[in-house]
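Here is a protein chain to read closely. Keep the sequence and the model side by side.

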Amino acid sequence: MGGIGRVLSTSLGRWNRGRAACVGTQLVLGAGSIVTGSGASGSDEGLDQQHRASSSSSSSSTRAQGEEAGSAPSGVTNRSTGGVETGFDSAGIPTGAFLKELHERQHQLALRLEPGSVAILPAAGAMHVPGTQIPLPYRQEASFRYLTGIEASDIIAAIEASPTGQKATYRLFVPEKNVEREVWEGKTISAREGCDIYGADETQTLSYFPAYLARVVKQNRPVVINSKMWRGHRFSKLFTGSGGAVSVSDRRGYVKLRDELEKAVHHLRWRKSESELMLLRRSASITSQAFVKCMQKSHAYVGENDIASLFEYECKTSGAQRMPYPQVVASGNNACTIHYSQNNAIANDGDLLLMDAGCDYNGYVSDVTRTWPVNGKFTGPQREVYELVLEAHQRCIEQCVVGSTLKQIHRLSVELLSQAVSKLGIVDADARNIILQGFYRPYYPHSIGHWLGMDTHDVHHISSTQPLEPGVVMTIEPGLYLPRHMHNIPPHYRGIGIRLEDDVVVHATGPEVLSAESPLVPEHVEKLMDASVTG
């Protein structure tokens, strides 16, 4: 971000074009809402007198300063793997390469915004056990982490596009130092660390945020937000959906808000960089290896919760921080409930076990599903259904190529699975009529997949009709669900639920399956489970 100006222009004229074009909700600062400190009069000099931190240090000196401090602030996770793979060194300090990528992301966001705009976003709030002050495990909002690399709560980031739109200035607002709070919750990110560790151009404490916002409004700069991120925030009253004026000193005026930030960042996050793909590969590898362990430990009368607990244990001892969603561990007929979550049944001898699970590895998630016989051997009907789903799975992965679309791949899955329910005698019609009449939907009620990345259902603003590009990651997950209560299904197929899901990267040369370490072919599944018994 070399050459980025440190001081905002006070000229009003530069922003008039943006103000005139703005539509939507309005930004409101009520009288008396500007909080100032000693010498903070609303000018750049006053605001920054006590809370400006220089970012002129090089990346190498930044890391050295962090190491000398002895401990990283809370929100800076010490990664045992360190270095290139995670973007953090062994002390939990962002590497120079990671900071460079963060700056490039901020620059790309600035290019997507109207020149002169200011994108403002808060960190995710801390969560507590209901009725208590006991903190729950923290997960940062994905777009905030994508743009800042910060995992701590109670922080606000501002990314300012220059008047030409070609440069970005990155500001942070961090908590005031609170010694008592640090005793309970750990050291927070200081103003100095916001610049020296996270590469902000300027960092101030949160008490200066209202005055900063007032200055942005005074300059008539378009303000871009994601309104969902501000719900329940202590500064949410500065933003309102009703019309009204903004009070800045003795002058009155207003600037319209643009609730467009989520869409803009989703377009950036859709295509993964090579460093992001490394994290996704590791996440999928951890998950795949945990699936192998779960298959090996399965047996008749195993508890669903036993398998769920084993999966989480294997992931976390391999470096994952958390589960991105509750595991689905569904035996027998339970597998016909798509989002089954009780995980409290016992798998009977002869049951299939469907597990849909993933892990979160340094902010990037995996999402994999396998279905296997708990006793190690598929029955004839189970294998029939399984092989038809597997064929659809493999054919759809082959179509994960540049220029194709997720919607086209879904249509292929519908065609193949409609042929399957016709072949199995579940629906007495040919595939064409099954598709036209929607007769496949009771047995295949979901889509073929979704985007994957920092969230399990990632970047929802990207349409399924968007042509695939290199670096896009998605899931492919066909399934057939044949519940016991549906008496039109031949009796020997009732109670079978099968879904097969892999995480796939699109490359110019073809698809890459990230989760391939977990077996799919029936013979490979049976061989793995047989070896665990005989071994």
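The questions below go through strands, a loop residue and the nonpolar cores.

This is a predicted model, in which local features need pLDDT of at least 70, side-chain atom pairs count only at pLDDT 80 or more, and totals for chains, interfaces and linings use all residues. Residues are numbered from 1 along each chain as its sequence is written, and side-chain values use heavy atoms, with hydrogens and water left out.

Q: Which residue in E5 is the bridge partner of Val-174?
A: Strands (E, at least two residues) and helices (H or I, at least four) are DSSP runs, numbered from the N terminus. Strand E4 (residues 168-174) runs parallel to E5, joined by four bridges; two strands pair if DSSP finds at least two bridges between them. The partner of Val-174 in E5 is Thr-205.

Q: Which residues of strand E5 (residues 202-205) point the other way from Glu-202 and Gln-204?
A: In a regular strand, side chains alternate between the two faces of the sheet. All four residues named here are buried, that is, under 20% relative accessible area (exposed is over 50%, partly exposed in between; 1.4 Å probe, protein chains only). Pointing the other way are Thr-203 and Thr-205.

Q: Is Ser-518 buried or exposed?
A: Ser-518 sits in the loop between strand E20 (510-513) and helix H16 (522-534). Beyond neighbours within four places in sequence, its contacts (heavy atoms within 4.5 Å) include Phe-291, Met-295 and Arg-370. Its relative accessibility is 2%, so Ser-518 counts as buried.

Q: Which helix gives the most residues to the largest nonpolar core?
A: A nonpolar core is a set of buried Ala, Val, Leu, Ile, Met, Phe, Trp, Tyr and Cys residues joined through side-chain atoms within 4.5 Å. The largest has 121 residues, and Leu-109 and Met-474 touch the most other members. With 10 residues, the top helix is H11 (residues 274-297).

Q: How many residues are in the other core, which includes Ile-156 and Phe-235?
A: This core lies apart from the largest one. Leu-206 and Leu-213 are also among its members. The number of residues is 17.

Q: What angle does the direction of H11 make with that of E19?
A: Three strands form an open antiparallel sheet in the order E16-E19-E20. The edge strands are E16 (473-476) and E20, each pairing on one side only. H11 packs on this sheet and touches E16, E19 and E20. Axes are lines fitted to C-alpha atoms, for helices over the stretch in contact, with angles from 0 to 180 degrees between N-to-C directions; here the angle is about 155°.
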